[in-house]
Structures are given as C-alpha cells and as structure tokens.
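Please open the model in the viewer and display side chains as sticks. The tour moves from one selection to the next.

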Amino acid sequence: MALVRGGWLWRQSSILRRWKRNWFALWLDGTLGYYHDETAQDEEDRVVIHFNVRDIKVGQECQDVQPPEGRSRDGLLTVNLREGSRLHLCAETRDDAMYASTARIRTTMRWCHPTHMKLHMSAATMGHLMQVLV
C-alpha cells in the first residue's frame with residue numbers, strides 16, 4: 001500500500017484521556033493510520049475515512065476536550081466516527097487543523113473498480129489533507 005503523506009499529530013487516548021504524539025499516515029487506499037513512530041511498523045489503529053468518519057469539528061467547535069499542555073485550542077480536531085466514538089487530535093496550528101477538516105468534508109471519493117477497491121481523491125482534496133501531515 002502506498003503512503004500519500006505522513007506527519008505528527010497529538011492524539012488523546014480513549015481510556016486515560018492523556019495526550020501523546022503519534023505518527024499519522026494517510027494511505028492511498030483512503031485509510032488514516034496512527035503509529036508510535038515514522039517507521040509505521042507498530043500500528044495503533046486505522047480509520048477508513050470514507051466509511052467511518054461522520055464529521056469533523058475544528059478549534060472552538062471542540063467544546064468537550066482540552067488541548068495538550070502548551071497547545072492552542074485552535075489546533076483541535078474532533079473526528080466523530082459512525083459507531084459513536086471520537087478521535088481527538090491536535091495539530092500545531094488552526095490552519096493545519098482546518099486543512100484536515102476541509103479535506104475530509106470536501107472529499108469526494110469514488111471506487112474505480114469494486115474488485116481492486118482503489119480510492120481516488122481530487123488533487124486539491126489530497127493537497128489539503130497532506131498539508132496537516134507535515
């Protein structure tokens with residue numbers, strides 16, 4: 001599977017609610033995985049963006065979460081998943097967070113062939129999502 005873009009984001013753990021930095025990787029198949037480091041060998045979890053993400057809140061819209069110490073609320077992202085859980089992330093800046101949100105909301109994904117399940121995004125959409133993963 002081909003890596004489109006990778007980068008560091010803060011992620012809040014689901015049980016203890018502690019913030020830690022994870023390496024996030026956007027893969028060509030439309031999944032977003034997060035890992036302990038840049039090698040992307042030890043995957044913690046993976047989200048299929050097209051099927052599992054209901055919506056994304058950015059910055060001040062993220063009322064039920066506090067950013068990591070020393071980080072601005074403007075960089076917060078709350079990814080609401082279809083099964084009801086949430087993925088709380090924090091980018092370095094509001095611009096980075098907005099790029100990630102805009103990319104998800106405006107993404108129009110289409111499968112080119114059902115047996116190959118290859119995912120395509122417009123160049124502009126891919127560019128927006130890649131901006132947050134630097």
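Select Arg11 first: with a relative accessibility of 7%, Arg11 counts as buried (buried means under 20% relative accessible area, exposed over 50%, partly exposed in between, with a 1.4 Å probe and protein chains only). This is a predicted model, in which local features need pLDDT of at least 70 and side-chain atom pairs count only at pLDDT 80 or more, while totals for chains, interfaces and linings use all residues. Residues are numbered from 1 along each chain as its sequence is written, and side-chain values use heavy atoms, with hydrogens and water left out.

Add Glu44, which is partly exposed at 28%. Arg11 and Glu44 form a salt bridge with their closest N and O atoms 2.5 Å apart (a side-chain nitrogen of Lys or Arg within 4 Å of a carboxyl oxygen of Asp or Glu). Arg11 belongs to strand β1 and Glu44 to strand β4, so the pair ties together parts 33 residues apart in sequence (strands are DSSP runs of E, at least two residues, numbered from the N terminus).

Next, select Lys20, whose side chain meets that of Glu44 in a salt bridge of 3.1 Å, N to O. Lys20 lies in strand β2, 24 residues from Glu44 in strand β4. Arg11, Lys20 and Glu44 are thus members of a salt-bridge network.

Now show the backbone as a cartoon. Seven strands form an open sheet in the order β4-β3-β2-β1-β7-β6-β5, with antiparallel pairing (two strands pair if DSSP finds at least two bridges between them). The edge strands are β4 (43-48) and β5 (53-58).

Finally, select Asp64 and Arg86, which form a salt bridge at 2.0 Å between the closest N and O atoms.

Note on methods: Helices (H or I, at least four residues) and strands (E, at least two) are DSSP runs, numbered from the N terminus.
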